Amino acid sequence: MKIIRVGLDVPVATLFDYRADDVGADDVGRRVVVPFRRKIVIGIIIEIATVSAVPPHRLKAALHVLRDSPAFLADDLHLMKFASDYYHHAYGAVLMSALPARLRRVHALPRPVETRFVLTAAGVSADIDQLSARAIVRRRLLALFKQERSLDASTVKTVAPTAPAALKQLVACGWVERQVIAAPTPAPGPHWAAAGPALTLEQAEAVRAICASRGAFQPFLLLGVTSSGKTEVYLRVIDAVLAAGRQALLLVPEITLTPQLEALVRERFPSTPLVSLHSALNETERLKHWLAAQAGYARIVLGTRLAVLAPLPQLGIVIVDEEQDASFKQMDGLRYSARDLAIVRAQQRNVPIVLGSATPALETYYNAAIGRYHLLSLTQRVNAAPPRIVCISTRGEKLENGLSQPLLAAIAARLARSEQTLVFINRRGYAPVLMCHACGWLSGCRRCSAQLVLHLRDRRLHCHHCGYQAPVPVTCPECGNQELAPLGQGTQRVEAALAQHFPRARILRIDRDSTRRKLSWHAMRRRIHAREIDILVGTQILAKGHDFPHLNLVGVVNADSLLYSTDFRAPERLFTLLTQVAGRAGRGDMQGEVLIQTEFPRHALYAALQRQDYAAFARNLLAERQQAGFPPFVYQALLRAEAPKLETALAYLARAARLARTLAQGVTIYDPVHAGMVRLAGRERAQLLVQAESRARLQGFLAAWHARLAAEPATRARWSLDVDPLEF
Ligand code: ZN
Ligand code: ZN
């Protein structure tokens, strides 16, 4: 009797055993349909065994093995097993989360993917003379298969009118099998790349170093100031990898950036099949792209974090652009860091990995500083002078709806020269809160510990965390006062203030509200490029990667709010954000200007930013972190719990902490505290931090602790473990 061990999409660490007699070694990694708790579900075959701990009479039979798409290869399973162990998430659930939705369903695959018929191993060794001499069509078809190895249905039909029936017989005797793959159209031609710009010496050195380590694991940090041409380095390296017949995986943080980059890559490699993988694709596209990657047909895979799990049989290089970006970390379910998994993947596959950034994560910079990663620096700008960054002190100044006189004067000067300005404020809505000056009432969300943001367009209060909305009250709900005042600024208020101050200027607001409605992002970009816009008002949507050639002034409003954050990573994020925003100013021979409104013009962070000196900034932060005992000098995990009442969550964590203290050796167990945002969507949240100076020690502890917690009877608190948490 053969037994298959199957990973299922359930939050249990075990695999499930089923009887299955018709399986062979090459079915490992395939999908299988099995009965599970009165349901029929899809799982992945992980192992084939002959004995089971389940008594034979209780062992259920698998329904059938799905051979309509290729199996996960050992390399893929290896990566997902690592993710399961490291993030303490059930193996079956990791495997299923890597699959496109269409492959997670029991019913047959849809049409848009191409069906091909492939000669099996049995078919390869079969002799045509085993077939009856009178089975003419079958013999001809088998001969054709032996020559071509695989055929599509329409080619089969050209053999003879009865060929489809003959094909069925070949499938029935196991010589040919049906496979679904993404349609390879057109067949890839020989690899060639369009000419790129000449490289600077630094770029050439980076390309040389990366290419020299092909075929071996080596992490690189490509530390390049804005406009230093990191993308050109990626393209040259990809070119070398493609020429060697391998696949390239390029991970980017934002979906909004993929179309631009995709166009750039396609332009350089016009004959090379490229697919994108991100959450904005529909299910059919996602399936097609995934299968194309898995079949090795797609030579370049460009995607957001989920693409790190896509199967790539001929992987030759991994590139992670803007590696510090928080979107590489998944915040629910399998809480993985795509950047970190990308490194593991490169290591498992023995290929180089390039982490690119102007402001890398401190962890990454530290790894480069101690020589674990190879540091490649791009210090020169290509076709651009560095922007002039100036702080405008707003201490004691009277502001016009949050805008200072020097900033307004600078905008006026740019308007007079028909140049564009970006006013950056990282808060959407009109005002972050509505306040009663009589009694001090603030518009709070009933479901979250957050303020309701005033939106003027629909005259409603919105919670940006849980989506709760309410009409703007006419009088104060506490004291009945009729004068409620908006406090602080959001993008809508800055837009309104600018419109009032510059009545003739053409102003465009770009934030999540405006890109959702009205014009698409693409249409907005076109208007900006066509100089139909004078002033842009935007949030961090605008901060990354977009090049606007006529934009020479950037005004930053309200940056100080991030200086007050209790999160130890806030300075790092602020520095990154401001570097990105500053990078929007100035192109070609025009020097850009960046004006930052702040009450702390002498703050060390702003001083480093003005010098554009990431390395000095990072060294200072690292010294602080080392002294305070923060990452990267320690490794952390957070046990999160949430419940309708905070006490329930805290009580659960207190029990978990007691258990932890019995298991921990060389691991520090802190006391449970409430989360940074304690109420969210009607649930209250608490967390328990554990940390150690060694990753291995922390992992050993977490494995034991997690297993014990998972084995406990269900509690009223919902809990989850977050390894290497980024948010507290
Ligand atoms: Zn009041
Ligand atoms: Zn809320």
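# Exercises on a predicted model

Pro632 lies in the loop that connects H19 with strand S27 (635-643). The structure used in these exercises is a predicted model, and each task below is followed by a worked solution.

## Exercise 1: Backbone geometry in the loops

Task. Determine which peptide bond at Pro632 is cis, and then find where Ser418 and Asp724 are placed.

Solution. Begin with the loop between H19 and S27, where Pro632 is found; the bond that leads from Pro631 to Pro632 is cis, and its omega is near 5°. Next, turn to Ser418, which has a phi near 55°, a positive value in a residue other than glycine. Ser418 belongs to the loop between helix H13 (405-416) and strand S17 (420-424). Finally, consider Asp724, whose phi is also positive, at about 55°, although Asp724 is not a glycine. Asp724 is found in the segment after strand S31 (718-723).

## Exercise 2: Two helix partners of H19

Task. Work out how H12 is oriented relative to H19, and how H17 is oriented relative to H19, and state which residues make each contact.

Solution. Take H12 as the starting point: helix H12 (residues 362-369) packs against helix H19 (residues 614-628) at an angle of about 95°, and the two axes are 10 Å apart. Because angles of 65 to 115 degrees count as roughly perpendicular, H12 is roughly perpendicular to H19. On the H12 side the contact consists of Leu362, Glu363, Tyr365 and Tyr366, which meet Tyr614, Ala615, Ala618, Arg619, Leu621, Leu622 and Arg625 of H19. Sorted by character, the residues of this contact of H12 with H19 are eight nonpolar, no polar and three charged.

Now apply the procedure to helix H17 (residues 570-582), whose axis comes within 11 Å of that of H19 and crosses it at roughly 170°. Because an angle over 145 degrees counts as roughly antiparallel, H17 is roughly antiparallel to H19. Pro571, Glu572 and Phe575 of H17 make the contact with Tyr614, Phe617, Leu621 and Arg625 of H19. The residues of the contact of H17 with H19 divide into five nonpolar, no polar and two charged.

## Exercise 3: Reading two open sheets

Task. For the sheet with the order S2-S1-S4-S3-S5 and the sheet with the order S19-S20-S21, identify the edge strands and a pair of residues that face each other across a strand pairing.

Solution. In the five-stranded case, the sheet is open and its strands pair in the antiparallel sense in the order S2-S1-S4-S3-S5. Its edges are strand S2 (16-19) and strand S5 (64-66), each of which pairs on one side only. From one strand to the next, the twist averages 50°. Within this sheet, strand S1 (residues 3-7) and strand S4 (residues 39-49) are antiparallel and are linked by five bridges, and Ile3 stands opposite Ala49 in S4. Helix H2 (residues 91-98) packs on the sheet, where H2 touches S1 and S4, and the direction of H2 makes about 110° with that of S4.

In the three-stranded case, the sheet is again open and antiparallel, with the order S19-S20-S21. Strand S19 (453-455) and strand S21 (469-471) are the edge strands, each pairing on one side only, and the twist averages 30° from one strand to the next. Three bridges join S19 to strand S20 (residues 460-462), and these two strands run antiparallel. The bridge partner of His455 is Arg460 in S20.

## Exercise 4: The internal cavities

Task. State how many cavities of 30 Å³ or more are counted, and describe the lining of the largest cavity.

Solution. The count of cavities of 30 Å³ or more comes to three. The largest cavity has a volume of about 60 Å³. Following its lining along the chain, one meets Gly29, Arg30, Arg31, Leu66, Ser69, Pro70, Ala71, Phe72, Leu99, Leu103, Trp290 and Gln294. Sorting these lining residues by character gives seven nonpolar, three polar and two charged.

How values were computed: Residues are numbered from 1 along each chain as its sequence is written. Chains are lettered from A and ligands numbered from 1 in the order in which they are written. This is a predicted model: local features need pLDDT of at least 70, side-chain atom pairs count only at pLDDT 80 or more; totals for chains, interfaces and linings use all residues. Side-chain values use heavy atoms; hydrogens and water are left out. Axes are lines fitted to C-alpha atoms, for helices over the stretch in contact, and angles run from 0 to 180 degrees between N-to-C directions. Helices (H or I, at least four residues) and strands (E, at least two) are DSSP runs, numbered from the N terminus. Angles under 35 degrees count as roughly parallel, over 145 as roughly antiparallel, 65 to 115 as roughly perpendicular and the rest as oblique. Contact means heavy atoms within 4.5 Å. Ala, Val, Leu, Ile, Met, Phe, Trp, Tyr, Cys and Pro count as nonpolar, Asp, Glu, Lys and Arg as charged, and the others, Gly among them, as polar. On a 1 Å grid over the protein atoms alone, a cavity is a set of points where a 1.4 Å probe fits but cannot get out, and a pocket is an open set with protein on both sides within 12 Å along at least five of seven lines; lining residues have an atom within 4 Å of a point. Grid points are joined across faces, edges and corners, and a volume is the space filled by probe spheres set on the points. Two strands pair if DSSP finds at least two bridges between them.
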